[in-house]
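Student: Before we discuss this protein, could we look at the structure together and work through its interior and one of its pockets?

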Amino acid sequence: MRMFFEDLEEELMTETLAQLSKGALKDLEGVFAVMPDNALDGLIEAIVAARRIVVFGLGREGLQMRGFAMRLFHMGRDVAVWGDMTTPALGPGDLFIASAGPGDLPTARTLVDIAHEAGARTALITAQPNGELAKHVDVVTVIPAQTMADDRGGKLSVLPMGSLFETAQMIAFELAILKLRPRFRETSETMRARHTNLE
């Protein structure tokens, strides 16, 4: 078994960047090829209806959620990242968006329950629509990509561990922004105007 992995690592090291990128882009294309046209609609409608939004994610998924929050802020939304000192209280009319690619996280489930008890709506971004957390939220957005829940055996992505899901998240969020922009009558210029000048 060890020899197999050593051979695999050696094979990957001899591939060029162009070859590796072709494999990664093919994997990403495969994710979006199987997503239905309305895959983001529930999330988009929940965002449009939300008075205030808080996003949650851990690790690399958390980084993608932060990027999504930034773009929502650029569109003039009242948005915060869970864990920041400026995270507001949620209540009726608000939206809590959690990311849990593998289907469930104890922290996410606790926060979803707290948000529900406060009267907020909840949404989940996941690769596992049948995971436990999906049963506890109002809106489920499925990105059918490899996560750490299924990164062993079978046909695997050229990208390691949960990287395919995390990269697909970033693209899906940008596509959601493109669909949201006209709903809020935003343009590239109005969004740019909200970008920080403290750089």
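Tutor: Contact here means heavy atoms within 4.5 Å, and please keep in mind that this is a predicted model.

Student: With which residues is I47 in contact, leaving aside its neighbours within four places in sequence?
Tutor: I47 is among the residues that touch the most other members of the largest nonpolar core, which has 37 residues. Once the neighbours within four places in sequence are left aside, the contacts of I47 are I53, F68, L72, L95, I97, L180 and F184.

Student: Which element gives the most to this core?
Tutor: Several elements give two or more residues to the core, including helix 3 (41–49), strand 3 (95–99) and helix 6 (163–183). The element that gives the most, with 8 residues, is helix 6.

Student: Is D94 buried or exposed?
Tutor: D94 has its place in the loop between strand 2 and strand 3, and its side chain reaches the backbone nitrogen of G91 at 2.8 Å. A polar atom of that side chain also lies 3.2 Å from the backbone nitrogen of R52. Because its relative accessibility is 2% and the cut-off is under 20%, D94 counts as buried.

Student: Which element gives the most to the lining of the second largest pocket?
Tutor: About 230 Å³ of space lies in the second largest pocket, and among the residues that line it are G23, K26, Q146 and L164. The lining divides into 4 nonpolar, 4 polar and 3 charged residues. With 5 residues, the element that gives the most to this lining is helix 2.

Notes:
Residues are numbered from 1 along each chain as its sequence is written. This is a predicted model: local features need pLDDT of at least 70, side-chain atom pairs count only at pLDDT 80 or more; totals for chains, interfaces and linings use all residues. Side-chain values use heavy atoms; hydrogens and water are left out. A nonpolar core is a set of buried Ala, Val, Leu, Ile, Met, Phe, Trp, Tyr and Cys residues joined through side-chain atoms within 4.5 Å. Buried means under 20% relative accessible area, exposed over 50%, partly exposed in between (1.4 Å probe, protein chains only). Helices (H or I, at least four residues) and strands (E, at least two) are DSSP runs, numbered from the N terminus. On a 1 Å grid over the protein atoms alone, a cavity is a set of points where a 1.4 Å probe fits but cannot get out, and a pocket is an open set with protein on both sides within 12 Å along at least five of seven lines; lining residues have an atom within 4 Å of a point. Grid points are joined across faces, edges and corners, and a volume is the space filled by probe spheres set on the points. Ala, Val, Leu, Ile, Met, Phe, Trp, Tyr, Cys and Pro count as nonpolar, Asp, Glu, Lys and Arg as charged, and the others, Gly among them, as polar. A polar contact is a pair of N or O atoms within 3.5 Å; within protein, one must be able to donate a hydrogen and the other to accept it, and residues adjacent in sequence count only if both atoms are side-chain atoms.
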